[in-house]
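Q: I am new to this structure. Could you take me through it step by step?
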Amino acid sequence: MPDSMSEYLQQDMDCEGLLECFHGLKQLDRKVFGHITAAGGSMTVEEIAEAVDRDHSTAYRSVQRLLDAGFIQKEQVNYDHGGYYHVYHPTDPDEMAEDMQRMLNDWYAKMGQLIREFREKYDQPESVPTE
């Protein structure tokens, strides 16, 4: 993952790269998101773990990161005779895009404020000590 904005701007990126750029998600998270999206429905953690060829706990951590970022949703499915399990499906793409746009706007406003502060701090000539 690039360390600076200039490295991000020079890098070839696909739209899934937004998962890393905006939320610091990992390559595995992109892969999990891709499988959940491609499933066309919902997947359990067990199905996800099998699809990405990882153990259950690793798949679960990736699912949690995607949930926290808002890229997937969790749904509880109840058994007829008691008990339940969870399935995961992608969040509506328009909702995800709106969240990313809001985050970008907030970031832009924050960077603008910091640039103004930088300009104010360093635009004033400092007095040179005299001997």
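A: Certainly; please note that this is a predicted model. A good place to begin is a nonpolar surface patch of about 590 Å², made by M5, L9, L104, W107 and Y108.

Q: Which helices each supply at least two residues of that patch?
A: They are α1, covering residues 5-10, and α6, covering residues 93-123.

Q: And which one gives the most?
A: Helix α6 does, with three residues.

Q: Where is M5 placed?
A: M5 lies in helix α1.

Q: Why does M5 count as partly exposed?
A: The relative accessibility of M5 is 47%, and the partly exposed class lies between under 20%, which is buried, and over 50%, which is exposed.

Q: Changing topic: at what angle do α3 and α4 pack?
A: Helix α3 (residues 27-38) and helix α4 (residues 45-52) pack at about 115°, and their axes are 10 Å apart.

Q: Is the crossing of α3 and α4 left-handed or right-handed?
A: The crossing of these two helices is right-handed.

Q: Which residues meet there?
A: From α3, the residues are L28, K31, V32, H35 and I36; they meet I48, A51 and V52 of α4.

Q: Now for R54: where is that residue found?
A: R54 sits in the loop between α4 and α5, the latter being residues 56-69. With 43% relative accessibility, R54 is classed as partly exposed.

Q: What does R54 touch, leaving out residues up to four places away in sequence?
A: R54 touches L28 and A49.

Q: How far apart are R54 and G17 in space?
A: They are 21 Å apart, C-alpha to C-alpha, and 37 residues apart in sequence.

Terms used. Residues are numbered from 1 along each chain as its sequence is written. This is a predicted model: local features need pLDDT of at least 70, side-chain atom pairs count only at pLDDT 80 or more; totals for chains, interfaces and linings use all residues. Side-chain values use heavy atoms; hydrogens and water are left out. Patches are made of residues with over 30% relative accessible area and no salt bridge: like charges are joined within 9 Å, nonpolar side chains (Val, Leu, Ile, Met, Phe, Trp, Tyr) within 5 Å. Accessible areas come from the Shrake-Rupley method with a 1.4 Å probe; for residues, only the protein chains shown count as cover. A salt bridge is a side-chain nitrogen of Lys or Arg within 4 Å of a carboxyl oxygen of Asp or Glu. Helices (H or I, at least four residues) and strands (E, at least two) are DSSP runs, numbered from the N terminus. Buried means under 20% relative accessible area, exposed over 50%, partly exposed in between (1.4 Å probe, protein chains only). Axes are lines fitted to C-alpha atoms, for helices over the stretch in contact, and angles run from 0 to 180 degrees between N-to-C directions. A crossing is left-handed if the near helix is turned anticlockwise from the far one by less than a right angle, and right-handed if clockwise. Contact means heavy atoms within 4.5 Å.
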